[in-house]
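Got the viewer open? Let's walk through this one chain by chain, with something to select at each stop.

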Amino acid sequence: MMNNEQELTRVTVAQGGKYRWLTVTALLLAIGAILRLVAPSIDGITPNWMIAMYCIAINLTKPTMGQAMGIGLVAGAVEVPTSKSAFPYGNLAAELVGAIVCATIVNMSFNMVIGRLNIRPGVCAALSTVASGLTFVTILKVVMSLPMNVYLYGMLPVVFGVAAINTVITQILYFPAQKLFTGREEK
Amino acid sequence: MKAISFENFSYAYPKSGVVLEKLCFEVEQGSFTAIVGPSGAGKTTFCLAAAGVVPHYFGGRTGGTVVVQGIQTMDSTMGELAKDVALVLEDYESQLVAMTVEDEVAFGLENAGVDRKLIPQMVRETLQLVGLSGREQCEVGGLSGGQKQRLALAGALVTKPDILILDEPASALDPAGTEELYSLLGKLNEQGMTILVVEHDIAQVLPYIDQLVLLMEGRIAVAGQPEAALRKMSEESLFQEVIPPLQELRFLLEKHGCRFGAWRCEADAVRELSAVLQEAGEVSRSA
Amino acid sequence: MKQLAPLTKLVFTVAVSIWAMLLTSLPGLGLLAVAQVVTLAVCGLLGRTYKGILSLTGFAVVLILVQYALGSELEAAIAGGLRMIDMATVFVILLATTKMQSLTTALVSQCRVPQEYAFMFTTALRFIPDFLAESKAVREAQACRGYTGKGGIVRRFTSYLALVGPLVLRAVSRSETMALSLELRGFGAGRRSFSTDVGLKFRDYCTLLGMIALTAGFTAGRIVYGW
Ligand SMILES: Nc1ncnc2c1ncn2[C@@H]1O[C@H](COP(=O)(O)OP(=O)(O)OP(=O)(O)O)[C@@H](O)[C@H]1O
Ligand SMILES: [Mg+2]
């Protein structure tokens, strides 16, 4: 052909279509569910994988608040049949609160960086895990009318321990996932 | 009306160079086309373009047009095109989204709003077609690779599309499974379905296809009637490694003056070759 | 129980939980637990579910003992434990008697849950066996390379992440194909139909009425007699 350069028109669409947020979340929740079953604890503290996974999902997909609430409820619902939950309402409420907290932090407009490191995923995981854990034990306390000292000395330390480990996990896992999520680069 | 026609179609992903370049290409109604080409040639992108995924899903830059069943893909949506074209992607496992086999096949019907009373019958027929009858209640996660592949095919077939596109469908199948798959596709093709498949094992598809396309670096290097296309690939040494050895042998013998009838499968090849060898034997004896 | 519509069973789940909150006496809470176990037995599901219920009971006993050891009243501790058993067992009943597909169909078509969330739920469950197999493969590969899960905390932590990292990346790359195929299969493109029939029948309405009556009864009992 004579003219070698064809004019190409740019097509702008919502990259990744309408459902990428949905599929990536569903798959990460599946991982959260199996890790709850198979992953061993580190020195007595088990990370809460489900929270870590939906924090990653919410950081990746930046859903609306409504979608985030849905994600939280589904996360709680997935825990019920897969890990023989002793207290299903606790799971549902806790993950709902956790996801709301996470989405709130994700939607905050100011930067969260230390040097050149974006620490938003870690912050999300820390606060979501604390919020989710507190919700769970508080509901458990109310429903079972647990005494205050069980609550304060038996449960709260566990919540903060899990939050610490979740923070590290989420922060580390997020970046490779994000690189893959946003797509290949020009070579 | 052509089933699919590419007119000067070019495409680049948002973060890539031009992947398909000025393709001009047509697929007849009710034909069976096989596409071959080296890795990265753009075969998958080609399939995606025929289903409107490119550019609707990925965005990017395009030029020219793709017309599918009279509809220009740019002016339509993936959902609209889905009524005419079904696409089974290479990573079939990620396309299976329901918990049981039955729900998986029903998924497309439910999305299309098909009446509930009609669904079970259609699901049963489709599962029978792909050889998964009796597994309606099985969990999808528990199936073998080959069964999952057939289930993905069932999910695509159940809405009775006019055009079926498969990207490397045999990658998870053993030789027997591959043969079974292609004989099923051949049967569907006889019933009038237009089929387009990316496949490297040309010997497997040769008995069924009407058209063979070699894609290289985003351009159509060779396209046409299978024997002619293979001959051209052999003569010009284009992506020669996929030419079936028996066909290579034939081209070699033809250069030495042998004449063969058309052949598509091994049985025919054996018949043709032995006839020629016998002839050669007689010639040498009489000489 | 199996013949009831999923919606009825969902309401039942909520109702039992409300009853467990309304009841405060030990016999009442105990009776509720026994009634549920009997329901499971009548449906012939006890064989499949007794392990779950036993572990639930074990968990409850531990909680009761901990409370007692920390100096709360025995009766209150037992009541708390029983309440927890009541609430968890009803979910066991729900899941043992209802197919996931009918449950999500009921949620979407009758409770107006957007179909995206039903999809998220079933798809997560669908991929659990796949990811389990993959995680096993990754662990075996790691065992070959000498990750043992032993050693100092940092070491164990890295071997942990070496297991999870590949899984997460797999999930992200799979999600693209899946999102694409959802659109190809017309997900959310128009009005959806449902292959499962989840409509309410006469027996469902009777059951629902019965549950309302019981709830009213327990409420009255609590207010008037302070049960
Ligand atoms: N989503 C994408 N974004 C950017 N570039 C892409 C994308 N998908 C494919 N490409 C690039 O487009 C080119 C053609 O890819 P395509 O997948 O169509 O090749 P293929 O012939 O199917 O290869 P294979 O035989 O490996 O499947 C490649 O160079 C690839 O890197
Ligand atoms: Mg490909």
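Which residue of chain C forms a salt bridge with A:Arg20? Select A:Arg20 and C:Glu176 together and you have the pair, with the closest N and O atoms 3.4 Å apart. Keep in mind as you go that this is a predicted model.

**Stop 1: the salt bridge**

Stay on that pair and show the helices around it. A:Arg20 sits in helix H1 of chain A and C:Glu176 in helix H7 (residues 153-184) of chain C, so the salt bridge links two chains. Across the interface of chain A and chain C, the rule finds one salt bridge. Searching the whole structure, over all chains, turns up 20.

**Stop 2: the rest of the A–C interface**

Now widen the selection to every residue where chain A and chain C meet. You should pick up 60 residues of chain A in contact with 55 residues of chain C. Together the two chains bury about 5,100 Å², and 81% of that is on carbon and sulfur atoms. On the chain A side, highlight A:Tyr19, A:Leu27 and A:Met144: these lose the most area to chain C, together 14% of what that side buries.

Next, look for polar contacts. Seven residue pairs across the interface of chain A and chain C qualify, with both residues at pLDDT 80 or more. To see which parts of chain A supply its side, color these elements, each of which gives two or more residues:

- helix H1 (20-38) and helix H2 (49-61) of chain A
- helix H3 (65-82) and helix H4 (88-107) of chain A
- helix H5 (120-144) and helix H6 (148-181) of chain A

H1(A) gives the most, with 16 residues. Color the side of chain A that touches chain C by residue class and you get 45 nonpolar, twelve polar and three charged.

**Stop 3: chain C on its own**

Hide everything but chain C. What's in its fold, helices or strands? Chain C has eight helices and zero strands, so there's nothing but α to follow from the N terminus on. Its radius of gyration is 23 Å, well over the 17 Å that the globule rule gives for 227 residues, so chain C is more spread out than a compact globule. Along its principal axes, the C-alpha trace spans about 65 × 55 × 30 Å.

Now color it by domain. The domain assignment gives domain 1 as 6-99 + 196-225 and domain 2 as 120-184. How many Å separate the C-alpha centres of domain 1 of chain C and domain 2 of chain C? They lie 36 Å apart.

**Stop 4: chain B**

Swap over to chain B, which has eleven helices and ten strands. Its radius of gyration is 21 Å, which agrees with the value near 19 Å for a compact globule of 287 residues. The C-alpha atoms of chain B fill a box of roughly 75 × 45 × 30 Å along the principal axes.

Two backbone details are worth a zoom. Most residues other than glycine have a negative phi, and most peptide bonds are trans. Select B:Val54 and B:Pro55: the peptide bond between them is cis, with omega near 10°. B:Pro55 is found in helix H2 (residues 53-56) of chain B.

Then move along to B:Gln69, in the loop between strand S4 (60-68) and strand S5 (71-72) of chain B. Its phi is positive, near 50°.

Key:
Residues numbered from 1 in each chain as written. Chains lettered and ligands numbered in written order. Predicted model: local features only at pLDDT ≥ 70, side-chain atom pairs only at ≥ 80, totals over all residues. Heavy atoms only, no water. Domains from an automatic or database assignment. Contact = heavy atoms within 4.5 Å. Buried area = accessible area lost by both parts, 1.4 Å probe. Salt bridge = Lys/Arg side-chain N within 4 Å of Asp/Glu carboxyl O. Polar contact = N/O pair within 3.5 Å; in protein donor to acceptor, adjacent residues only side chain to side chain. Helix = DSSP H or I, 4+ residues; strand = E, 2+ residues; numbered from the N terminus. Nonpolar A, V, L, I, M, F, W, Y, C, P; charged D, E, K, R; others polar. Rg over C-alpha atoms; globule rule 2.2 N^0.38 Å.
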